[in-house]
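Welcome, and thanks for taking a look at this one with us. Below is a short tour that starts from a single residue and works outwards to the chains and how they touch.

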Amino acid sequence: MVVRYLGAEVQRMEDPRLITGNGRYVDDIKLDGMLHAAFLRSPHAHAKIRSIDTSRAAALEGVHRVFTHADLGPKYAHRMNQLYPAPVIEQNKTQYPLAKDEVCYVGEALAVVVADSRAIAEDAVALIDVDYETLPAVVDIMTALEDGAPLAHADTTSNLMGRMRSQFGDIEDAFAKADHVFSASFMQHRGGCHSMETRGCIGRDDPWGDGLTLWTSAQSPYLIRRALSRWLDEPEERIRVVAPDVGGGFGPKAGFYPEEIVIPLLARFMERPVKWIEDRREHFMSTTTQRDQHWALEVACTNEGKILGLRGKVTHENGAFVPYGILLPNSSLTPLPGAYSIAAIDVGVDIVFTNTVPNSPVRGAGRPCGIYAVERMVQVVSRNLGIDPATVRRRNYVRPEQMPYETGATLRGGAKCVYDSGDYEALLDKALELADYDGFAARQAAARAEGRYLGIGVSSCIEDTGMGPYEGTTVRVEASGKVAVRTGAASQGQGHHTMIAMIVAENLGVAPEDILFESADTSKFPHGVGTIGSRVAANVGPSAFDAATKVREKALKLAAEVLEASEADLDIEDGVVRVNGAPDVSITLGELAVQLSPASAMRVPAGFDPLLEATSYDGSSGSPIACGSNVAEVEVDIGTGEVRVLRYSVAHDCGVMINPKVVHGQIVGGVVHGIGNALFERMIYDDQGQPLTTNYGEYLLPLASEMPRVDVTHMETPSPLNSLGVKGAGEGGTIPAAAAIVAAIENALAEFDVEIDYYPVDPQMLTELIDAGAAEAAE
Amino acid sequence: MKPAPFTYHDPTTADEAVALLASHEDAKILAGGQSLMPMLNMRFVVPDHVIDLNRIDGIAGIRDAGDRIEIGAMTRQRDLMRDPVIAAKAPVIAEALNWVGHFQTRNRGTIGGSLCHLDPAAELPCLMALYDAELKVQGPDGGRTIPFAEWPLAYMLPSIGPDELLTGIEVPHWGGNHGYGFVEFARRHGDFAIVAVAALLGVEGGKITRAAIAIGGADTRPIRLTEAEDALVGAAPDADAFAAAAEIARGIDAMSDAYVSTAYRQRLAATLVARALTAAADNLKGSA
Amino acid sequence: MQLENSFTVPAAPDAAWDILLDVPRIAPCMPGAELTETVGEHSYKGNAKLRVGPVALTFSGEATITEIDTENRVATVEAKGNDTKGRGAASARVEFRLVADGAGSRVDITSDIDLTGSIAQYGRASGLIDAIAGQIIADFAENLAAEIGASDAPEAAPAESAPDDAAAPAPAAAPPSDNSISGIRLFFRALWSMIRGGRA
Amino acid sequence: MADTREITVTVNGESRTATAETRTSLGDFLRQTLGLTGTHMGCEHGVCGACTVLVDGEAARSCLMLAVQADGREITTVEGLAGDDGALSPLQEAFWKHHGLQCGFCTPGMLTSLTAYLRDNPDPSERDVREAISGNICRCTGYQGIVDAALDAAKTMREG
């Protein structure tokens, strides 16, 4: 009888370390002779650097050296590489690791101090004298493309980074046939990463030994190794990148940063390890964020609310440089048409430069924006036609019998966007039931009688997860009987160790505790892609499953020979191969492993390769499409404009769940991140490009005290695209949240005819809309 | 984000601390540290000397002095919350302290530190305005008493000399039976108040005999809504009277910043004044 | 931020113009400012003290008269300073335009002030910092009016307002439009008393 | 010349003495000087709560206290929450059971804060717990697993 782990609520194997203070994050690593670095960052959004005088800083006791762009020398004087080249990038602006002669955002590094301690390094940074010639800064995306707008870069003639478009179906025909055409425009502002652990890295260079090693708090160590290798023009084999325990990522840690070049270089120059830990103010100013995206859309629909077409224009803020190619604008478009079958879509994006920190994906990347846009337009249709929002959705969903459904959109990498499986209407029904949607009218009326304003909002989403190409796994039984499992995928808290151990343990017939898991160290596994876009379960899952299966088969085949039994009569349980019906005849996996890794002059059994090991790169043949429906119930205090989320219900389908406990945690955490986007998180720059929100008293992350209990229910529609039937779950909570919250607020304030065109929705904005609505009603 | 270097002093008496202040240019006083430490860490404040009061005896503690409550400047916010004298004589202080930061910061934060830091959004200055508290400072030439009305000079700038030390606060309380209310609007629990309102009501024979309303967070310093206080005296503690007070609140001076406008702060003040007065009237009924 | 101020003085344009270009003479009109060195015909080194609540800043930098248009009586001063403790920088471009006004002259001041660094990155104080900058320029205008006026007429007659404290540069008597300034006037007296007491 | 002091603290029951600059925060002293890296620095301005430790039994931000101020005091860090035999505390057990952590970075501050809070408030409501941890930011979990863990741990400890 095989123990079942898959689908069980297994407690995480990571936790015992982490709850006893035995985690190992970058800043916990202490190397002999290690020095500490602090960066001088531009206080100007845009300026020419006339000169930098580091003499006072260098003279400070405890300072070893101060470096500027020039001090790095000619070999290291070039700009960073584009990680994701794309033809639509018209101006491929990447930055210098240390600014050369121009700074383009507040927080851009232009010098670095190496000292005995971080405190001394900071003392010295304050002593670096820079002569700047300030230049006009562009901050507002809505005017950035106008003639005479300040230019984000001195050597360009336009702030247009590039244009792209998602276009399919006959849009003209759709609008010609429509009974109604409604339009809406709105700004979406998404905040930053704000993982509780900031970025940080340690460099060590050992030219005669291990080569260059970089420990960094990152989501994609292999991408960093390749980028570093290309920038340095040195072989990947001589570069090791390790992501130890990482205290949250959420997207911005998936890239490659100037510090990840500078710190290893400093280690090389100083011939000693060098550590840099980003402080929270640096995180606000120099870790990539998402920020503004403006949408102006028109929707064509019938009298019944059937949506025929969607067209319009998006203006996307790119920030000052292009570290991530077009990931963000692209992933904003690919979710169109959302969970609905919309025959024709034509939406273009202008990607504009601003003198703000470069933009990057944040949990969900562009998907939350794309889904918000579609859901807003569904809301507009519902509102204008006076049809219940749930009903409008029912009339537009892609139906199960349409699967696989090709939307017409193209995913990054050129693949067609195909919805593989799912029953969106059934999912909505589950969400509505969980939220007691039918009982809401009574709740709302009762509250109104007490002068309280309740509202309810619905949103649905799809999410393309599990993007390829693969994420491999090696499974090897050691002589001890322990099972070494290695993969490239880094974890930032998603519980990969537990998930993979469950898969291997169940397949191989060992206890999860006997699995020695290592990941995210480029010296331990040849290649990995990265932990982004809810892709790990759908890629590592199948490869771990396949590798374990191969090892099991090899073990059984060998055991059959050794035990002189038929493979069919063998079973593996708790690491021991037994003959059914002859319990005393057995051999351990460890003993089998020894036979395949013998001492000198011994023989590997004929017909067997060395080692009881297998590696697999099996993944998903396409992007499994996860889906969800959310219902938010809010109360608005019209005296203060405060919005309280009373109840939040999620029905989610991420295919087969490997560990429901972990999936639940991902969904709830994702929802709260989405509520933060909808109501709290705002990164403000003034018109000069000065970031005004640079501490946690002012940048409002969601706290336990304001967050609701999130009720979650699941459907498990197996994805046909991989061996486990799994889909990604990491971002499905975040993606639809803002749309549900905003719809609920409008519903609560219906009598004031409030229409919201910006999120995060803040109380002042609401009181202004309420007062305006009340004044109008009074007339 | 590490503090710039400074010379640390930890005197054990108030006199010693005052002497240090007199003899050191550019010195900062470290009380609970819940406001100063962040500013040191961020290097907003870069003093040459830090004078730590935490090892000084005799300037912490709460004493019932008949018609007033004497509070040592180094009394922790946590101790104010748990103190029986405060609970009996000035319960609004205990209630308001629930809004001051979080329990971890209240374990360190002191009343004196809060009054000297004088953040316009802080609750304790607002409460001291409500009570017309008197602040005892000690300087090189002895001590003096500063009525709270004269304490704030400007934004986060108290009228204490650079060589003076706040040692204690006297709160003339309202005795046993009075109504009190404290309401605050902040985006999240424990955040800086956007506007906070504290109110006290004395009522006899169905008429208001005495009223005090203090508004924090709205302007660069706490505001006393004296016009509304005067108007309330003699009126019945009802919705009409409170609505009238709210209208007066709508006209207060208020600041704007990167997050909220003057108009919004004024609107909030109106809303919260009515709510604070209603709460005061309600718990008066409750206690009567 | 852009600020406009204007005042009249009983001095004739020619006389007023000469005073205006006499930087060592007008510099003290800037609250908290002091000249420390003359580095060129029209360039000067100096310090300016500013205090925002608990944050006491000392900007050290240079001021230069970058344009002198005697014909139209337009002068432009550009000043730039860094906080001596690395917390940020302030730069200002101030244009003085002198026009005849009856027997006297009117001085129109257009200022462009730019704050950067951590001092400019505190959203809760942003409104206040703007207000303080506005107040400083208003005070400067008044003190300048007083200075020029004093040169050949006992009483200055500023258009907007009159200084109400002879000893120290005083804030505008006219209540500023932005309510957030209330308190600032007291604040500057406190600041000045401290500066005079060498305690800033 | 840097201003330094010799500092003696009792950490998790063990007396430790070391010299540090007076500007060193208690958090940096614990992590870098004493090597107790279980305490995490998340914001260094007293908002995120990750660095919370117990000082003489009361929860405090170790980024808002100078190490020199802790001289002569008793400090408890996350490393000191489990029993001497390594047995997890009921709160630690509950965090594990209820998936009260993901990346684990805020966890030390959550555990120390709740250890003190539940000692003083043995029977809290969900609302109470949510307010109690409102000074501790978690970006991963959405707080639900943490709240469930705290309530469950309180129950366990009440039932002894």
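Let's begin inside chain A: A:Ile371 counts as buried because it has 28 C-beta neighbours inside 10 Å, where 20 or more are enough for that label. Please keep in mind that this is a predicted model. From A:Ile371 we move to the helix that holds it, then to chain A as a whole, and on to the contacts between chains and between domains.

**Around A:Ile371**

- A:Ile371 is part of helix 9 of chain A.
- Which residues does A:Ile371 contact, leaving aside its neighbours within four places in sequence? They are A:Pro335, A:Gly338, A:Cys461, A:Ile735, A:Pro736 and A:Ala739.
- A:Leu336 is 35 residues away from A:Ile371 along the chain, yet 7.0 Å separate their C-alpha atoms.

**Helix 9 against helix 17 in chain A**

- Helix 9 (residues 367-385) of chain A packs with helix 17 (residues 737-748) of chain A at an angle of about 30°, and their axes are 8 Å apart.
- The crossing in which helix 9 of chain A passes helix 17 of chain A is right-handed.
- On the helix 9 side, the contact is made by A:Pro368, A:Ile371, A:Tyr372, A:Glu375, A:Arg376 and A:Gln379. Helix 17 of chain A brings A:Ala738, A:Ala739 and A:Ala743 to the contact.
- Sorted by class, the residues of this contact between helix 9 and helix 17 of chain A are 6 nonpolar, 1 polar and 2 charged.
- A:Ile371 thus appears among the helix 9 residues of this packing, and A:Ala739 of helix 17 is also listed among the contacts of A:Ile371 itself.

**Chain A as a whole**

- Chain A holds 18 helices and 29 strands.
- How does the radius of gyration of chain A sit with that of a compact globule? A compact globule of 779 residues would have a value near 28 Å, and chain A has 28 Å, so the two agree.
- Taken along the principal axes, the box filled by the C-alpha atoms of chain A is roughly 100 × 75 × 50 Å.
- Buried residues make up 62% of the 779 in chain A.
- If we take the contacts in chain A between residues at least 6 apart in sequence, 81% of them join residues at least 24 apart.

**How the chains meet**

- Which chains share the most contacts? Of the 5 pairs of chains that touch, chains A and D have the most.
- In the contact between chains A and D, each chain takes part with 43 residues.
- On the side of chain A that touches chain D, helix 1 (15-18) and helix 16 (660-680) of chain A are the elements that give two or more residues. Helix 16 of chain A gives the largest share, 7 residues.
- That side of chain A, facing chain D, has 17 nonpolar, 17 polar and 9 charged residues.
- Chain A also touches chain C, with 12 residues of chain A in contact with 13 residues of chain C.
- For the side of chain C that touches chain A, strand 6 (89-101) and strand 7 (104-116) of chain C each supply at least two residues. By class, this side of chain C has 2 nonpolar, 8 polar and 3 charged residues.
- Chains C and D have no contact with each other, and their closest C-alpha atoms are 14 Å apart.

**Domains of chain B**

- Chain B is divided into three parts: domain 1 (7-52), domain 2 (62-172) and domain 3 (179-287).
- Taken over C-alpha atoms, the centres of domain 1 and domain 2 of chain B are separated by 19 Å.
- In chain B, 10 residues of domain 1 are in contact with 18 residues of domain 2. The domain 1 side of this contact has 6 nonpolar residues, 4 polar ones and no charged ones.

**Domains of chain D**

- Chain D is divided into domain 1 (4-80) and domain 2 (90-159).
- The C-alpha centres of domain 1 and domain 2 of chain D are 22 Å apart, and their contact takes 16 residues from domain 1 and 11 residues from domain 2.
- On the side of domain 1 of chain D that touches domain 2, strand 3 (52-55) and strand 4 (58-61) of chain D each supply at least two residues. Strand 3 of chain D gives the most, with 3 residues.
- The classes on this side of domain 1 of chain D are 7 nonpolar, 8 polar and 1 charged.

How values were computed: Residues are numbered from 1 along each chain as its sequence is written. Chains are lettered from A and ligands numbered from 1 in the order in which they are written. This is a predicted model: local features need pLDDT of at least 70, side-chain atom pairs count only at pLDDT 80 or more; totals for chains, interfaces and linings use all residues. Two residues are in contact if their C-beta atoms, placed from the backbone, lie within 7 Å. Helices (H or I, at least four residues) and strands (E, at least two) are DSSP runs, numbered from the N terminus. Ala, Val, Leu, Ile, Met, Phe, Trp, Tyr, Cys and Pro count as nonpolar, Asp, Glu, Lys and Arg as charged, and the others, Gly among them, as polar. Domain bounds come from an automatic or database domain assignment. The radius of gyration is taken over C-alpha atoms; the globule rule is 2.2 Å times the number of residues to the power 0.38. A residue is buried if 20 or more other C-beta atoms lie within 10 Å of its own, exposed if 12 or fewer, and partly exposed in between; C-beta atoms are placed from the backbone. Axes are lines fitted to C-alpha atoms, for helices over the stretch in contact, and angles run from 0 to 180 degrees between N-to-C directions. A crossing is left-handed if the near helix is turned anticlockwise from the far one by less than a right angle, and right-handed if clockwise.
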